[in-house]
Amino acid sequence: MTIELKAYEKFLRHLAETDSTDIISNGGKHHAALLYSVLLDNTESEVRIFCQSGASEVWHDPRFEEAMTKFLDNNRFASLKVLTAGEPALDSKWTDRPNVTAYHIKEDDKLKIYDHFRNNRCNFAVFDSKRYRYEYDCDLFKAYGSFNDAVTAREMIALFDSAFLNALATDVTGSSDSATFNGTDLNLTLDNYDHPVATNSEE
């Protein structure tokens, strides 16, 4: 790990340990994997991820894989729920786990999410009830997040849970493409960081 990445990880762990409400600037696949790993390290029971397929470079980053594996192995009630905009393509290391469930989101629910964020393609993840990462540029992994923002996290949870239930209901009827499973970089400063929710990235 480079000196810069070590500094960024130290910065993130400080925010997590202090339960900071700061908005975290997060961009590039390496920074993304680090933020995911620190978020996972501080999650007790439930992770919700809305993504394009579950097969991006971040999903295969060693830091992400190690943190996700530790979360799923060490927490008795750990649960990972995944909704994908396209066909689910999660690696078999996740598909063999009983505490991981993934569904292909229904088109109308996907559009509701995009409309909510005013973005025609985005990802987000929520960790327990107050931590999140919102990715507004899926190609460059540009995102922001927080270790302590229950209001934003609740909005994401509501969007996700509604879509997840609809995908589950469709799967029960036998008409859903779903699978049930076992189990760039930006500067460190947060000064004057503007939430770029209203973007129309071409991805």
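A salt bridge is a side-chain nitrogen of Lys or Arg within 4 Å of a carboxyl oxygen of Asp or Glu. Keep that rule at hand for the exercises below, and remember that the model is predicted.

**Exercise 1. Apply the rule to Arg 133 and Glu 135, then say whether each residue is buried or exposed.**

Step 1. Look at the gap between the side chains: nitrogen and oxygen are 2.9 Å apart. The limit is 4 Å, and Arg 133 and Glu 135 do form a salt bridge.

Step 2. Turn to accessibility, where buried means under 20% relative accessible area. Both partners, Arg 133 and Glu 135, are buried.

Step 3. Now widen the view to the whole model: the rule gives 16 salt bridges.

**Exercise 2. Find which parts of the chain the salt bridge between Glu 57 and Lys 29 ties together.**

Step 1. Check the contact: the N to O distance in this salt bridge is 2.7 Å.

Step 2. Place each partner. Lys 29 belongs to helix α2 (residues 29-41), while Glu 57 sits in the loop between β2 (46-51) and α3 (62-74), so the bridge joins parts that are 28 residues apart in sequence.

Step 3. Add the surroundings. Glu 57 is partly exposed at 46% relative accessibility, and Lys 29 is partly exposed at 32%.

**Exercise 3. Work out where the partners Arg 97 and Asp 73 lie, and how accessible each of them is.**

Step 1. Start with the pair itself: the closest N and O atoms of Arg 97 and Asp 73 are 2.7 Å apart, in a salt bridge.

Step 2. Locate the residues. Arg 97 is in the loop between α4 (92-95) and β4 (100-104) and Asp 73 is in helix α3, a link between distant parts of the chain, 24 residues apart.

Step 3. Weigh the accessibility. Arg 97 has a relative accessible area of 15% and is buried, whereas Asp 73, at 47%, is partly exposed.

**Exercise 4. Describe helix α1: its span, its buried side and what that side packs against.**

Step 1. Take the span. The 15 residues of α1 (residues 3-17) reach 21 Å from the first C-alpha to the last, close to the 21 Å expected at 1.5 Å a residue.

Step 2. List the buried residues of α1: Leu 5, Tyr 8, Glu 9, Leu 12, Leu 15 and Ala 16. They lie on the same side of the helix, because their arc around the axis is only 125°.

Step 3. Look at the other side of α1, where Ile 3, Lys 10 and Glu 17 are exposed.

Step 4. Find the neighbours: the buried residues pack against β1 (24-26) and α2.

Step 5. Return to Glu 9, which also takes part in a network of salt bridges with Arg 13, Asp 41 and Lys 70.

**Exercise 5. Which sign does phi have at Asp 19, Arg 118 and Asp 128, and where are these residues found?**

Step 1. Recall the background: most residues other than glycine have a negative phi.

Step 2. Begin after α1. Asp 19 follows this helix and has a positive phi, near 55°.

Step 3. Go on to Arg 118, also not a glycine, with a positive phi of about 55°. Arg 118 is in the loop between α5 (107-117) and β5 (123-127), and it is exposed, with 52% relative accessible area.

Step 4. Finish with Asp 128, where phi is positive and near 55°. Asp 128 occupies the loop between β5 and β6 (131-137) and is buried, at a relative accessible area of 13%.

Notes: Residues numbered from 1 in each chain as written. Predicted model: local features only at pLDDT ≥ 70, side-chain atom pairs only at ≥ 80, totals over all residues. Heavy atoms only, no water. Helix = DSSP H or I, 4+ residues; strand = E, 2+ residues; numbered from the N terminus. Buried < 20%, exposed > 50% of the residue type's maximum accessible area, 1.4 Å probe, protein only. Expected span 1.5 Å × (residues − 1). Arc of directions from axis to C-beta. Contact = heavy atoms within 4.5 Å.
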